[in-house]
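Here is a short tour of a protein and DNA model, written for reading alongside the picture. Take a moment to get oriented before going on.

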2 protein chains.
Amino acid sequence: MSEDRFNDLIRGAYVQTFPPQVELITEGDTADFLHVVLSGTVELYSSWNGRETSMATVRPISTFILAATIKDAPYLMSARTAEKARIILLPSLDVRNVFEADSDFARAVVTELAQCYRAVVKTTKNLKLRTSQERLANYLLRNHRRAGGALEFDLQVEKRRLASFLGMTPENLSRAIKALRPYGVEIDGATVRITNLADLEQFARPSPLIDDYTT
Amino acid sequence: MSEDRFNDLIRGAYVQTFPPQVELITEGDTADFLHVVLSGTVELYSSWNGRETSMATVRPISTFILAATIKDAPYLMSARTAEKARIILLPSLDVRNVFEADSDFARAVVTELAQCYRAVVKTTKNLKLRTSQERLANYLLRNHRRAGGALEFDLQVEKRRLASFLGMTPENLSRAIKALRPYGVEIDGATVRITNLADLEQFARPSPLIDDYTT
DNA sequence: TTCCCCGATTGACAATTGTCAAGCGGTCGG
DNA sequence: CCGACCGCTTGACAATTGTCAATCGGGGAA
């Protein structure tokens, strides 16, 4: 990407630090800014008819609502800070201009979008093909892998949000945790300990076509 | 898009006609061809642990598995013809080359991918925020709109596939259909008649952020 | 036409998941 | 240190959804 174009992009940009639990964007609004998370975490969520569900957690360094920015369409999800977060705000207009003018940038956007698309497809498969216990088991295995294979790691999310992300109620999550104990899972507070990886994997049956978020 | 690049693209391409119920691609395989449906319909579906779910129905004229082709990654979904279908097969390598060389093409790909991404996000919201009856009601309203506002139209899909697409069993779909009768829905075979649009809409509460597939 | 096949429907029942209410326990501010 | 608050857990129960088996009924082949 050319330096000129890069400058076009950052000229109107600004960085801002937000405290936790701040609503950054509201679904349905028009996409005025592309957001880039530099530090902290952001939760994407959606509402309908008085219900709310957690859609994703965004961690540094990635963008969110890229698709809405490119299409100049309304946001499909709301976003709020989960922890204190530093975020770059890039005016959507600038992003679309550079996107039109700079083909390297356009290709980078494609790669990012393809990644996001595949991630959501995996989420849908996870929801439709698995029970809540299976979703929890595979979620734990994914975090186990993300923690570098550690058998003990922390849930990075509040349990209520995890429950919503996994598509269940907090009560149901509590019970699912207990139900996984026979398969070698101990969860105390936010600490997860896998005492029998083989049993858990046999129960969870992870699949790269659902659980590998890197491809 | 330049004529040269277009020729690069169609040089290795070929069109093929498939009978119904032919498996076109299998999830997990590498993306050798970008597929374009010219006529007929194709069903995208996924499997895990002996279960199967219908993910989408592709109608002319659109592509499928664009993301896998661009990323040179394995297919996340399998595809089979639902009806007899004519399909263009474009070698993925050619698509990636033209994508690298032709920025107009790259931008077109972005727009298409952004569209697909947003469609899957809407599907996920539909699944997580609505009960099966609500999903059916909104599915009917979407088809009602797609039929140009006609109050009587045909289900374009077998009920077993519709059930799978909506994330329920065929038995549950039968019951959901009966449960919508008080809201002015009559379904006889593949024919849907909406006798009380206002009641149905009040029950379904359609939202453009979930049900409008055009934005 | 008649029969067969297969998908749709129905009923009875089971499993899963959600709801409501109560109680527990950790954290944080005074 | 104490108490209030808030999220988590637990139990009892209800609603939703799935499973299994039987039956219905329409379309296609002989």
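The notes below cover a small part of the protein fold and then the DNA contacts.

Please keep in mind that this is a predicted model.

Let's begin with the sheet in chain A. Its three strands run in the order β9-β11-β10, forming an open sheet with antiparallel pairing. Because β9 (152-154) and β10 (185-188) of chain A are edge strands with a single partner strand each, one side of each has no neighbour in the sheet. From one strand to the next, the twist averages 20 degrees. Three bridges join β9(A) to β11 (residues 191-194) of chain A in the antiparallel sense, and E152(A) has R193(A) as its bridge partner in β11(A). Helix α5 (residues 132-146) of chain A packs on this sheet and touches β9, β10 and β11 of chain A. The direction of α5 makes about 100 degrees with that of β9(A).

Now for the DNA. There are 15 residues around DNA strand C, and those that come nearest are S132(A), N172(A), K159(B), S174(B) and R175(B). Of the strand C atoms within 4 Å of the protein, 62% belong to sugar and phosphate. The surface near DNA strand C has eight charged, six polar and one nonpolar residues. α7(B) gives this surface its largest share, four residues, while α7 (170-179) of chain A and α6 (159-166) of chain B are among the helices supplying at least two residues each.

These side chains have an N or O atom close to strand C:

| Side chain | Atom of DNA strand C | Distance |
|---|---|---|
| N172(A) | phosphate oxygen | 2.9 Å |
| R175(A) | base oxygen | 3.3 Å |
| R175(B) | base nitrogen | 2.7 Å |

Notes:
Residues numbered from 1 in each chain as written. Chains lettered and ligands numbered in written order. Predicted model: local features only at pLDDT ≥ 70, side-chain atom pairs only at ≥ 80, totals over all residues. Heavy atoms only, no water. Pairing = 2+ DSSP bridges. Axes fitted to C-alpha atoms, helices over the stretch in contact; angles between N-to-C directions. Contact = heavy atoms within 4.5 Å. Near = heavy atom within 4 Å. Polar contact = N/O pair within 3.5 Å; in protein donor to acceptor, adjacent residues only side chain to side chain. Nonpolar A, V, L, I, M, F, W, Y, C, P; charged D, E, K, R; others polar.
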